[in-house]
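Biologist: I would like a close look at a single part of this protein, followed outward into its surroundings. Please treat the matter as one connected account.

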Amino acid sequence: MTDIKTILPVEKDNQQAFIFDHGKVEGGVLKYQDDVTSYGWNTKQFNKVEEGAFVLNRHPGKITKDRKFEIYGGGYVEKIEKLDNDGNVKATISHAFRIVPPIKQGDAFIESFQWKSKKKKKGTWEHFWNQYGMNSISFEDFKELVEGSRCIPINDNGALKAEEE
């Protein structure tokens, strides 16, 4: 297991943290194949993310075989570049890692997790995740989610680092 502190840069004061959903399907295939080193969104719909934010990646239940969400990795927003005049941007994600095994809906850990930044109704995830797919969380929540997890660094090409495979 790799300590997340050895993968990510040193945290800053007022460190931002987010959970990004990956899994938009268009025409029966994933719209964004790269779920490790980039993430795109429209700033007119969500304009909170800044360079230097820590992120976790989540597959919503609608795209998993068992219909349960999973938090499976994360990284660091290295750069955000403007793509067009309509507000579309793309973040470059560095210091990427996989959580093995992923944190899955139904696991005792996530079901009993005490969120500091969000309110969850007991026994349900209904209305918990932002419909747009980008969820701001506290840095404390971020740390607690990855603290007990096995985090494996990922190379820039999306593969697990050789010494960790």
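Biologist: In which strand is Pro 101 found? Please begin there and describe what surrounds that strand.

Modeller: The model is a predicted one, and every value below is computed from it. Pro 101 is found in strand E7. The peptide bond that leads from Val 100 to Pro 101 is cis, and its omega is near -5 degrees. As a general matter, most peptide bonds are trans.

To place this strand, the overall order of elements is helpful. The protein has two helices and nine strands, and from the N terminus on they run β-β-β-β-β-β-β-α-β-α-β. The protein has 165 residues, of which 44% are buried. Of the contacts between residues at least 6 apart in sequence, 66% join residues at least 24 apart.

The pairing of E7 with E4 comes next. These two strands run antiparallel and are joined by five bridges. At one point of this pairing, Asn 42 stands opposite Asn 88 in E7. Strand E4 covers residues 38–42, and four of its five residues are buried, so E4 is largely enclosed by the rest of the structure. Asn 42 also has a partner outside the pairing: Tyr 132 is in contact with Trp 41, Asn 42, Gln 45 and Phe 46, once its neighbours within four places in sequence are left aside. Tyr 132 is found in the loop between H1 and E8, and it counts as partly exposed because its relative accessibility is 30%. The C-alpha atoms of Tyr 132 and Phe 20 are separated by 9.5 Å, although the two residues are 112 apart along the chain.

Strand E7 spans residues 88–104 and is also among the elements that cover the buried residues of helix H2. The others include strand E1 (17–21), strand E5 (54–59), helix H1 (108–111), strand E8 (134–137) and strand E9 (151–153). The buried residues of H2 are Phe 139, Asp 141, Phe 142, Leu 145 and Val 146. Seen down the axis of H2, they fall within an arc of 155 degrees, and therefore they line one face of the helix. The general geometry of an α-helix is relevant here: with 3.6 residues a turn, residues three or four places apart point the same way.

Helix H2 has a second role in the model, in the lining of a pocket. Helix H2 (residues 139–147) contributes five residues to the lining of the second largest pocket, the most of any element. That pocket has a volume of about 300 Å³. Its lining consists of 16 residues, and those nearest its centre are Asp 3, Ile 4, Lys 5, Lys 143 and Val 146. Val 146 thus appears both among the buried residues of H2 and among the residues nearest the centre of the pocket. By residue class, the lining comprises nine nonpolar, two polar and five charged residues.

Returning to the end of E7, one may follow the contacts of Phe 69. This residue is found in the loop between E5 and E6, and with a relative accessibility of 2% it counts as buried. Neighbours within four places in sequence being left aside, Phe 69 is in contact with ten residues that are named here in full: Arg 58, His 59, Pro 60, Gly 61, Ile 103, Lys 104, Gln 105, Ile 110, Trp 125 and Trp 129. For one of these, Trp 125, the C-alpha atom is separated from that of Phe 69 by 9.9 Å, with their positions 56 residues apart along the chain.

Another of those partners, His 59, belongs to strand E5. His 59 is buried, its relative accessible area being 15%. Beyond its neighbours within four places in sequence, His 59 is in contact with His 22, Asp 35, Thr 64, Phe 69, Glu 70 and Tyr 72. The C-alpha atoms of His 59 and Asp 35 are separated by 9.7 Å, and the two residues are 24 apart along the chain.

The loop that holds Phe 69 also holds Arg 67, since Arg 67 lies between E5 and strand E6 (70–82). In contrast to Phe 69, which is buried, Arg 67 counts as exposed at 54% relative accessibility. Phi of Arg 67 is near 65 degrees, a positive value in a residue other than glycine.

Methods. Residues numbered from 1 in each chain as written. Predicted model: local features only at pLDDT ≥ 70, side-chain atom pairs only at ≥ 80, totals over all residues. Heavy atoms only, no water. 1 Å grid on protein atoms, 1.4 Å probe; cavity = no way out; pocket = protein on both sides within 12 Å on 5 of 7 lines; lining within 4 Å. Points joined across faces, edges and corners; volume = space filled by probe spheres on them. Nonpolar A, V, L, I, M, F, W, Y, C, P; charged D, E, K, R; others polar. Buried < 20%, exposed > 50% of the residue type's maximum accessible area, 1.4 Å probe, protein only. Arc of directions from axis to C-beta. Contact = heavy atoms within 4.5 Å. Pairing = 2+ DSSP bridges.
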